[in-house]
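Reader: Hi, I'm new to this one and would like to be walked through it. Could you put it up so we can look together?

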Amino acid sequence: MRDHDGVEWLTVAQAAERFGLKETLLRKWISRGVLHGDDLKRVGRYVVVSSVGVMGAEYHLHTHGPKLAAGRRRVAL
C-alpha cells in the first residue's frame with residue numbers, strides 16, 4: 001500500500017519476500033530499534049514497514065556489518 005506521500009508500506013512478511021531477507025531479521029531490527037519511528041506504522045493488528053526504511057537498514061548492514069547495523073538505533077531528541 002502507498003500513502004499520500006508515495007511511500008510504500010509493506011507487512012513484515014511482504015518486506016522479507018521483496019528484499020530477500022528473513023522475517024525474523026526484520027522483527028529483530030524492529031525490536032532493536034534499527035527500524036523505528038517513521039519507518040513503522042500499525043495498521044489494525046499488523047505492523048507495516050516502509051520500503052525506504054528497510055532499504056536503508058539493509059544498506060547500513062552491508063556497508064558496516066551486522067554488529068554496527070544493530071547500533072544504527074535512532075535516539076530520541
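Author: Let's begin with the hairpin: E2 and E3 form it with 2 residues between them, and Gly44, which sits in the turn, has a positive phi of about 65°. Strands and helices here are DSSP runs (H or I over at least four residues for helices, E over at least two for strands), numbered from the N terminus. This is a predicted model, in which local features need pLDDT of at least 70 and side-chain atom pairs count only at pLDDT 80 or more, while totals for chains, interfaces and linings use all residues. Residues are numbered from 1 along each chain as its sequence is written, and side-chain values use heavy atoms, with hydrogens and water left out.

Reader: ok, and how many bridges join E2 to E3?

Author: There are 4 bridges between strand E2, residues 40-43, and strand E3, residues 46-50, and the two run antiparallel. Two strands are said to pair if DSSP finds at least two bridges between them. As a landmark in this hairpin, Lys41 stands opposite Val48 in E3.

Reader: In what order do the strands of the sheet come?

Author: The order is E1-E3-E2, with 3 strands forming an open sheet in antiparallel pairing. The edge strands are E1 and E2, each of which pairs on one side only. Neighbouring strands of this sheet are turned by 40° against each other on average, direction ignored; the axes behind such angles are lines fitted to C-alpha atoms (for helices over the stretch in contact), and angles run from 0 to 180 degrees between N-to-C directions.

Reader: And over how many bridges do E1 and E3 pair?

Author: E1 and E3 pair over 3 bridges, in the antiparallel sense, and within this pairing Leu10 stands opposite Val49 in E3. Helix H1 packs on the sheet, where it touches E1 and E3, and its direction makes about 100° with that of E1. Touching, or contact, means heavy atoms within 4.5 Å.

Reader: Back to E3 for a second: is Ser50 buried or exposed?

Author: Ser50, whose place is in strand E3, is buried, because its relative accessible area is 3%. The word buried means under 20% relative accessible area, exposed means over 50%, and partly exposed lies in between (1.4 Å probe, protein chains only). Leaving aside neighbours within four places in sequence, Ser50 is in contact with Val7, Glu8, Trp9 and Asp39.

Reader: Glu8, then. Where does that one lie, and what does it touch?

Author: Glu8 lies in the segment before E1. Not counting residues up to four places away in sequence, Glu8 touches Met1, Arg2, Arg18, Val49, Ser50 and Ser51. Glu8 counts as buried, because its relative accessibility is 18%.

Reader: Changing topic: how many salt bridges does the structure hold?

Author: It holds 3, where a salt bridge is a side-chain nitrogen of Lys or Arg within 4 Å of a carboxyl oxygen of Asp or Glu. Arg2, Glu8 and Arg18 are linked in a network of them. The side chain of Glu8 meets that of Arg2 at 4.0 Å, N to O, and the side chain of Arg18 at 2.8 Å, N to O. Glu8 lies in the segment before strand E1 (9-11) and Arg18 in helix H1, so this pair ties together parts that are 10 residues apart in sequence.

Reader: Are Arg2 and Arg18 exposed or buried?

Author: Arg2 counts as exposed, at 59% relative accessibility, whereas Arg18 is partly exposed, with a relative accessible area of 47%.

Reader: Which side chains meet in a salt bridge at 3.5 Å?

Author: Those of Glu23 and Arg27, with the distance taken N to O. Both residues lie in helix H2, 4 residues apart, which is about one turn of the helix. Glu23 counts as partly exposed at 36% relative accessibility, and Arg27 counts as partly exposed at 47%.

Reader: Last one: what lies between helix H1 and helix H2?

Author: A loop joins the picture there, and Leu21 lies in that loop, between helix H1 (12-19) and helix H2 (23-32). Leu21 counts as buried, because its relative accessibility is 17%. Not counting residues up to four places away in sequence, Leu21 touches Ala16, Leu26, Trp29, Val54 and Glu58. Leu21 and Glu58 are 37 residues apart in sequence, and 9.1 Å apart in space from C-alpha to C-alpha.
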